[in-house]
Amino acid sequence: MGKISVIIPTHNRAELLPRAVRSVQNQTRAVDEIIIVSDGSTDNTEETVNALAEQDERIHLIAYHPGRNGNYARNRGIEAATGEFIAFLDDDDEWLPRKTELQMELFEKDPEVGLVYSSQNCIYLDTGITYQTQPMWRGDLSKRIFIRGEMGTPSQVMVRKKVLDNTGPFDLDLEALQDYDLWIRCCLVTKVDFVPEPCINYYNSTNTDQVSSKTDKYIKSRLYIREKYRDEIAKFGKEFEQKVDIIVRNRIAERCMRNGQNREARRYAVKAWRIRPSKVSFILVVASFFPYSFIVKVRSAIKSRNLYWHIKDMWS
């Protein structure tokens with residue numbers, strides 16, 4: 001049985017943090033250490049963690065000032081971790097009780113698997129909409145990872161420490177998509193598997209009251225990743241490169257819509273269409289005339305009719 005280290009980055013979420021910690025403590029397969037990294041918190045986060053640690057000796061606090069960002073915090077946790085397996089949990093999410101049990105079963109079944117992700121319940125608190133994501137791909141994802149960000153959020157992932165020793169940690173030069181960038185590097189060096197049932201509750205919002213700089217960071221990061229892995233992508237041929245370029249622009253369009261910047265969304269969807277016409281680009285252009293909350297409702301309705309993954313597969 002391998003030792004499991006859990007890394008929880010946090011910043012000024014003292015009121016939510018205990019829920020995340022309890023979800024780790026309630027695992028049917030116990031973890032060995034819980035590393036909470038306070039990234040420049042100015043509320044009572046440190047007092048909250050110390051109180052939790054008095055009741056559970058597995059809890060360790062790393063705190064520093066000023067704050068850097070969540071991925072710097074995750075890297076500090078990785079450096080401190082002593083487990084053979086590393087799992088992440090965002091402070092506003094929660095694991096379901098069998099997460100570690102189900103993921104470890106897959107690691108133990110196949111020693112060549114270095115990363116296991118899971119389905120999740122995506123919960124929109126402001127609308128009451130909930131739907132379940134469904135993983136689809138396992139094995140060698142060294143090609144597919146460039147067209148599908150299958151791993152999802154850090155909270156869904158458990159990875160062997162030796163894989164991270166090989167790939168390096170989260171790239172701090174990126175201002176967004178650091179998790180996707182790390183999953184790419186993992187997929188280039190190891191096999192991947194997934195748990196089909198939800199293992200986390202991921203809390204989200206359709207609120208579009210976000211500053212434009214967040215969208216700018218996302219766009220910059222998408223284009224940075226495309227350039228960072230230019231050589232790896234080129235190995236699969238010109239047609240594949242074109243496919244990746246279309247998907248990059250469509251992903252940017254979707255993020256722009258999520259952040260309430262629909263005109264910019266149309267611009268990137270049109271850019272994708274000009275590379276090569278596709279159903280997805282057309283759908284994004286049409287969708288950009290509606291608020292993102294409406295798109296989420298449509299997506300949820302489609303999922304409830306078991307059609308979502310048929311449509312989503314068009315992205316690939």
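**A tour from Glu94 to a helix pair**

Begin by selecting Glu94 in this predicted model and displaying its surroundings: leaving aside the neighbours within four places in sequence, Glu94 is in contact with Arg19, Ser23, Leu89, Cys199, Ile200, Asn201 and Tyr203. Keep Glu94 selected and colour by secondary structure, and you will find this residue in strand S5, which covers residues 94-95. Is Glu94 buried or exposed? Its relative accessibility is 16%, and because buried means under 20%, Glu94 counts as buried.

Next, add the side chain of Tyr203, one of the contacts of Glu94, and look between the two side chains, where a polar contact of 2.5 Å joins Glu94 and Tyr203. For a view across the model, select Leu174 as well; Leu174 and Glu94 are 80 residues apart along the chain, and their C-alpha atoms are separated by 26 Å.

Now turn to the helices, and select H1, residues 17-25, together with H2, residues 45-55. These two helices pack at an angle of about 30°, and their axes lie 11 Å apart; since angles under 35 degrees count as roughly parallel, H1 and H2 are therefore roughly parallel to each other. Their crossing is right-handed. Which residues make the contact? On the side of H1, show Leu17, Pro18 and Val21, and on the side of H2, show Thr45, Thr48, Val49 and Leu52. If you colour the residues of this contact by character, they divide into five nonpolar and two polar, with no charged residue in the contact of H1 with H2.

Technical notes. Residues are numbered from 1 along each chain as its sequence is written. This is a predicted model: local features need pLDDT of at least 70, side-chain atom pairs count only at pLDDT 80 or more; totals for chains, interfaces and linings use all residues. Side-chain values use heavy atoms; hydrogens and water are left out. Axes are lines fitted to C-alpha atoms, for helices over the stretch in contact, and angles run from 0 to 180 degrees between N-to-C directions. Helices (H or I, at least four residues) and strands (E, at least two) are DSSP runs, numbered from the N terminus. Angles under 35 degrees count as roughly parallel, over 145 as roughly antiparallel, 65 to 115 as roughly perpendicular and the rest as oblique. A crossing is left-handed if the near helix is turned anticlockwise from the far one by less than a right angle, and right-handed if clockwise. Contact means heavy atoms within 4.5 Å. Ala, Val, Leu, Ile, Met, Phe, Trp, Tyr, Cys and Pro count as nonpolar, Asp, Glu, Lys and Arg as charged, and the others, Gly among them, as polar. Buried means under 20% relative accessible area, exposed over 50%, partly exposed in between (1.4 Å probe, protein chains only). A polar contact is a pair of N or O atoms within 3.5 Å; within protein, one must be able to donate a hydrogen and the other to accept it, and residues adjacent in sequence count only if both atoms are side-chain atoms.
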